[in-house]
Amino acid sequence: METEQLYQTYKPLLFSIAYRMTGSVTDAEDLVQEAFLTYNSVSSKKVIENKKSYLCKIVMNSSIDKLRSSASKREVYVGEWLPEPLVDEGNDPSHTYLIKESISTAYLLLLQQLSEDERAVFILREVFQYSYEEIAAIIEKSSTNCRQIFHRAKKGMENRPKAVSLDFQSMRSRVEQFTMAFQEGNIHKMLELLKTDSVFISDGGGKVKAAINPIYTSERIVFLFTSIMKKLPKNTKMEFKEVNGYPGVVVSINDYVAYVISIEFLDDKISRIYMVANPDKLVHLQSNK
């Protein structure tokens, strides 16, 4: 009973930590499940005073281990790497928690550039406002060392996404307009909604056809999108969803999620479009169908 209550209380927090660390929904869910199994095993033998800190410690250490064990896979990854998209279905408290913390694709990509320890300290301090003493207990380093790691990590996060002046509904409206223009082949409208120096990044992981390198400038992006539209089958469905905290699009073919698109804004225009097409990164979405 106690474990069930702990699970309900801390799952959103633990999932949020693991997802930020790994950039993987599937891994984050597995790591949280494993943390509670470990907790059950240990708590049956000894009293755990600070349960929250203990669970955070298990998840953080497991996340770091996961990152280190998968580092070699990342080095040989085909094309651009993007995090697994977190699509909000409106019924998962873990996702609500994450959206409040604004987990954008751009932010996650910056986190991926930090070392494992830097990422751990930065997330706990910047996102969850933990004290250096609490962080030290979780990652088993001195509070002085944690302070130094945080300042180093903060420099690595200097290019984090700037605050967007648009509200959520305005962003959604522009995403809908862009999608409509894309479906209609309205090149003028698509160009109007994109920043001139916008970027398109796709992740096919070598499993499906996708641009291996980023596509730069609005003209090239529109050219690519119009050629993609011609190849999409008639039974293609596009749904507007919250993807990593921002308005995005889920593209399904025969009720199979084929692409998830997240969009980043700068000022009032689309500045970056991220498209995950790697089927391995969309598995967690297929079960929702």
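**Exercise 1.** In this predicted model, determine in which sense strand 2 and strand 7 pair, and over how many bridges.

*Solution.* Strand 7 covers residues 269-276, and its pairing with strand 2 is parallel, with six bridges. One position illustrates the register: Val199 lies opposite Arg272 of strand 7.

**Exercise 2.** Identify the sense in which strand 2 pairs with strand 3, and the residue of strand 3 that stands opposite Val199.

*Solution.* Strand 3 consists of residues 215-216. Its pairing with strand 2 is antiparallel and extends over two bridges. The residue opposite Val199 in strand 3 is Tyr216. Val199 therefore faces Arg272 in strand 7 and Tyr216 in strand 3, as DSSP bridges define these pairings.

**Exercise 3.** Explain why strand 2 may be described as largely enclosed by the rest of the structure.

*Solution.* Strand 2 spans residues 194-203. A residue counts as buried under 20% relative accessible area. Eight of the ten residues of strand 2 are buried, so the strand is largely enclosed by the rest of the structure. For the protein chain, buried residues amount to 47% of the 289 residues.

**Exercise 4.** Assess how compact the protein chain is for its length.

*Solution.* The chain contains twelve helices and seven strands. Its radius of gyration is 20 Å, close to the 19 Å given by the globule rule for 289 residues, so the chain is as compact as a globular protein of that length. Along the principal axes, the C-alpha atoms fill a box of roughly 65 × 40 × 40 Å. Of the contacts with a separation of 6 or more, 64% join residues 24 or more positions apart.

Key. Residues are numbered from 1 along each chain as its sequence is written. This is a predicted model: local features need pLDDT of at least 70, side-chain atom pairs count only at pLDDT 80 or more; totals for chains, interfaces and linings use all residues. Side-chain values use heavy atoms; hydrogens and water are left out. Buried means under 20% relative accessible area, exposed over 50%, partly exposed in between (1.4 Å probe, protein chains only). Helices (H or I, at least four residues) and strands (E, at least two) are DSSP runs, numbered from the N terminus. The radius of gyration is taken over C-alpha atoms; the globule rule is 2.2 Å times the number of residues to the power 0.38. Contact means heavy atoms within 4.5 Å.
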